[in-house]
Amino acid sequence: MLRTARLQLRNTRPTPTARLRPARVLSRGYAAVTAAVTDVSNFPQVGEQLHGFTLRRVKQVPELELTALHLLHDRTGAEYLHIARDDANNCFSIGFKTNPPDDTGVPHILEHTTLCGSEKYPIRDPFFKMLPRSLSNFMNAWTFPDHTAYPFATTNAQDFQNLMSVYLDATLHPLLKENDFTQEGWRIGPENPLAAETDDPSAKKLVFKGVVYNEMKGQTSDASYLFYARFQDHLFPAINNSGGDPQKITDLTWQQLRKFHADHYHPSNAKILTYGDMPLAGHLREVDQRLRSFDKIHVNQEVKAPIELNSPKQVTVPGPLDPLVPQDKQYKTSVTWLMGDTADSVENFALGVLSSLLMNGYGSPLYRNLIESGLGADFSANTGYDSAGRRGVFSVGLDAVKAEDVPRVREAIIKTFQETRQNGFDEIKVNGILHQLELSLKHKTASFGMGIMQRLKPSWFNGIDPMDALAWQETVDAFQKKYAEDGYLESLIEKYLLTENTLTFTMTPSETYSQELVEEESQRLAQKISETTSRFASEEEAQRYLEKRELELLEVQEKARNEDLSCLPTVHVKDIPREKERKPLRHTDIGDVKVQWREAPTNGLTYFRAVHRLENLPDELRELIPLFTDALMRLGTKNKTMEQLEELIKLKTGGISIGYHSNQSPLSLDSYEEGIAFSGYAFDRNIPDMYELLRTILQETDFESPEAEKKIRELLQASSSGAVNNIASSGHSYAMRYAEAGITSVGRLAEQTGGLTQVKLTTSLASLESLADILQKLKAIQSFVIANNSSFRVALNCGAESATPNQDALSKFLNTLPNSVSAPTTTQENTYPRNAKSFFPLPYQVYYSARAVRTVPYTDPAGAPLEILAKLLTFKSLHPEIREKGGAYGGGAYARGLGGVFGMYSYRDPNPTNSMKVMSEAGAWARDRAWSAQDLEEAKLSAFQGYDAPQSVSREGMRLFLSGITDEMLQARRERLLDVTAEQVQQVADEFLVKTAEQANLAVLGEKKDWASAAHGWEFRDLGMAEKMEEVAQASGLAPEAAAAAAAAAAAAN
């Protein structure tokens, strides 16, 4: 899995919490059990040896209740960091420095192929085959720009040992077979793998294939990713594209892949991290057994640096058009500054604070002067402070910019810095950030270990001492000392940002960009075919060779589906407790409002959730609720600007959220509820302030202010500017949602408020000349958004000691709300197709497809075997057929127990017709298969990974509160899952996938081709891009059939 950490900046709006989470806290000391896990007396002394490792350093971090130990492997020099903490969700990761030598994507393809079989586990694809043999709550592998990591997390001790064994053998002793390279990397083969057995010329057409190749075709055709990748090319020319450029991937050879592994996947180049409450000694013993056969070697762990900016630099590159953005706003541009050494933890933290102050929130200076001013619709993909490397990088840029405004963007950024340097920052803003850091330490999450692992590893590989990175309290203390000196943050602006020595990077729109990609691939394919042909006596012989090789790969893939897996370790269903521990809840009433209480240790925090139930809401209002909730956090009130409200939210709460809520009844598919959901959390002492902020935002947001329409338009334009890329980043989810929309009521609601219907509405509203009617509807929603009556319910998770003050604060809050509101109702509703095949022409080089059928409510006994059937189909049929054979990046099945839907999907799929055929035949295949006891065992283990995953205290009780699923319902389903038989699986496959096959809904997103025609039963759905694609086609001189491809670089982000 390609994981470009820096690209995430655009969505996270980087704050210091993305790197460090220090805060001033008063430690209450360790509990006895915590002390047992983290007590340094339980570990070796510094300098002592244990199982082949020497302990170099120990650091206690009381504010995080952990002890960190840094060790070196004596024989190989492998670095090892153990973080001991009283947390049952234990984590492991092994990683290697993998600076890519070129753009062939060798680190990425190697990440895939290492997991395809190893010396100790010589079966095909042990990684995916371990997924249903484990109780892990996280398993993955990541390719970063300069390193590769293999992490997992589990609460089961035996599972931990099993997975660690598989991961270590996979990375250090992979088989790296040539057919694994051709499957995961790239190859040339007939479009139909069975071409050798047919005379159909179209089936024999030769194409590029490969999982990573298709993944990166989608990735590099996404406009935001493309902008970021080309930016990185020019800022960090020493770091090639680790994910791979499709134009270069086809230059990689199997021999080069094997050499890269030999050079980089060695213990001397490794960094290993473990986390949790399991004993260190056991980990070290296992790791040493795997490392001791290696000798220490010299490895190149060079930390690559960006270019020097000794003078202003400008770079301009071509890019694709975005069909959902106005044609005169197609430019992307950014300005970049080089910052200091990220090893200076205090300054690095301060620069994170500075970045947050400059661009976080609607009231931030850069938002006001760049987006609110109308220069662009949203920040560009590279915007933010990037401290992943040894040299910090700060970038600010915009999407959807007019050509004439490109130079004005840089001018506006510089002016903002100058004004901020002169005027300084309000102390309340800095205190708000520090308050957020304090909250982040107290907020208990179930994935703390994975979070800390992801924060430490990138900087560790770039020479940053992880012990320094863990010294969070020391860092924030030092920052506060410097901040006490007037002008510290402002001086950093002067030190780094008030200079002309910058990189200005601009992407200009090209009407022919995507067609050029298509032509380049065609020419490259012809060249590669010619190279292959030259090794044979004739073209026919070369064709036969490629068809034969494809068949041989097919045979290997088919054989792997039934191979003996006894060498793989596994946990067992008998290890799963038959009864799940129940969290005690109590229920009270405050007037007509029902309140659910979960009292548990929360570190002095209170978590608030509420739902206001609405009935038969008109479609025209329901579809506007997402815009309404965004507007609440944008417009401000008559007495307070949004900037002032944001300051108070950061200073008094951990955040306030308002959104649309819908839920299927667990008892019937014909019953559901919808409404508005509210959530927030804060220190106990600040709960009254949180309620007052929530009330103010809900009741006083000013939809009549002179600026309201302008700000609403900003929100719409920002959403529209990234819509094509947002769809492609999870295209299968959009396809699934649309396929489900005609099947159940909740599916319809989900599509209206978060699916392609919502995307179409948003983009159409963004182009309206007047939003007066929309403002009136938003104001109408505000009039009934919340009320103190029986339609309103609340859930509070807090410490027992704060229950009484919480009840008092809640009572006072409820008394400020209206007792009755009048929401409009209707019995009419928009309908979605059923028993239909819906095709969305979208400018993607790969496809996203989904198939869905209606099933049963949550409490129906058939729900459990349907859930097991989904696991069986995923691992035994859809993954091998759609991914391994078909070349898609992903494919699987799912059963929405609460939603009453069974579905299948494919993701980044080059061959959707094959995938849909596999899906249509899956029911009969499952009905007729003789399922073994081991098949059922694995499916049940896979199912319980979700049921028994660790849960943060803030989420406890939410299943009942939000979904209406009682402990008794959950226990009944648990027992049914454990008891599912092969006969039950066959029965539900026949009943829901075979007998009702004609009632299935299909949805496909991608480029229109001949197979998707009305003659074949397809109905075309337009998101408002058809006219713009036609304009592009006419402007570029392309045939109408190529119009979709002419926008193809606006596609699938990771």
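The legends below describe close-up views of a predicted model.

**View 1. Thr502 in its loop, together with the residues around it.** Thr502 sits in the loop that runs between helix H20 (488-497) and strand E17 (503-509). Although it belongs to a loop, Thr502 counts as buried, because its relative accessibility is 0%. The side chain of Thr502 makes a polar contact of 2.8 Å with the side chain of Arg410. When residues up to four places away in sequence are left aside, Thr502 touches Leu309, Ser311, Pro312, Lys313, Val335, Thr336, Trp337 and, once again, Arg410.

**View 2. The open sheet of six strands that includes E20 and E23.** The six strands follow one another in the order E18-E19-E23-E20-E22-E21, and their pairing is mixed. Strand E18 (586-590) and strand E21 (656-664) are the edge strands, each of them pairing on one side only. From one strand to the next, the twist averages 25 degrees. Within this sheet, strand E20 (residues 605-614) pairs with strand E23 (residues 792-798) in the antiparallel sense, over six bridges. A reader who wishes to follow one of the residues across the pairing can start at Phe608, whose bridge partner in E23 is Leu796.

**View 3. Cys116 and Cys567, with their sulfur atoms 14 Å apart.** A disulfide is a covalent bond between the sulfur atoms of two cysteines. How many disulfides does a search of the whole structure find? The search finds zero. For Cys116, the closest cysteine sulfur is that of Cys567, and because the distance is 14 Å, the two are too far apart for a bond. Starting from Cys567 leads back to Cys116, whose sulfur is the closest cysteine sulfur at 14 Å, again too far for a bond. As for their surroundings, Cys116 is buried, with a relative accessible area of 4%, whereas Cys567 counts as partly exposed at 32% relative accessibility.

**View 4. Helix H5 (residues 157-172) and the residue that caps it.** Helix H5 has 16 residues, which at 1.5 Å a residue should span 22 Å, and the C-alpha atoms at its ends are indeed 22 Å apart. Because 13 of its 16 residues are buried, H5 is largely enclosed by the rest of the structure. The N-terminal end of H5 is capped by Asn156, in which a side-chain oxygen lies 3.0 Å from the backbone nitrogen of Gln158.

**View 5. The hairpin formed by strands E26 and E27.** Strand E26 (residues 890-896) is mostly covered, since five of its seven residues are buried. Seven bridges join E26 to strand E27 (residues 901-909), and the two strands run antiparallel. One of the residues to look for is Ala895, whose bridge partner in E27 is Phe902. Four residues lie between the two strands of the hairpin, and in the turn Gly900 has a positive phi of about 70 degrees.

**View 6. Ile727 in helix H28 (residues 723-729).** Is Ile727 buried or exposed? With a relative accessible area of 0%, Ile727 is buried. Apart from residues up to four places away in sequence, it touches Tyr734, Leu756, Val759, Leu842, Tyr844, Leu1005 and Leu1023. Ile727 and Gly755 are 28 residues apart in sequence, while their C-alpha atoms are 8.9 Å apart in space.

**View 7. Helix H16 (residues 427-442) and the elements that cover it.** From its first C-alpha to its last, helix H16 reaches 23 Å, which is close to the 22 Å expected for its 16 residues at 1.5 Å a residue. The buried residues of H16 include Val430, Ile433, Leu434, Leu437, Leu439 and Leu441, and among them are also Lys429, His435 and Lys442. Helix H13 (345-359), helix H19 (472-483), H20, E20, helix H25 (642-652) and strand E22 (672-683) are included in what covers these buried residues.

**View 8. Ala305 in the loop between helix H12 (280-291) and strand E12 (313-319).** Ala305 counts as partly exposed, because its relative accessibility is 47%. Leaving out residues up to four places away in sequence, Ala305 touches Phe236 and Ala238. Between Ala305 and Ile697, the separation is 392 residues in sequence and 46 Å in space, taken from C-alpha to C-alpha.

Conventions:
Residues numbered from 1 in each chain as written. Predicted model: local features only at pLDDT ≥ 70, side-chain atom pairs only at ≥ 80, totals over all residues. Heavy atoms only, no water. Buried < 20%, exposed > 50% of the residue type's maximum accessible area, 1.4 Å probe, protein only. Polar contact = N/O pair within 3.5 Å; in protein donor to acceptor, adjacent residues only side chain to side chain. Contact = heavy atoms within 4.5 Å. Pairing = 2+ DSSP bridges. Axes fitted to C-alpha atoms, helices over the stretch in contact; angles between N-to-C directions. Disulfide = S-S within 2.5 Å. Expected span 1.5 Å × (residues − 1).
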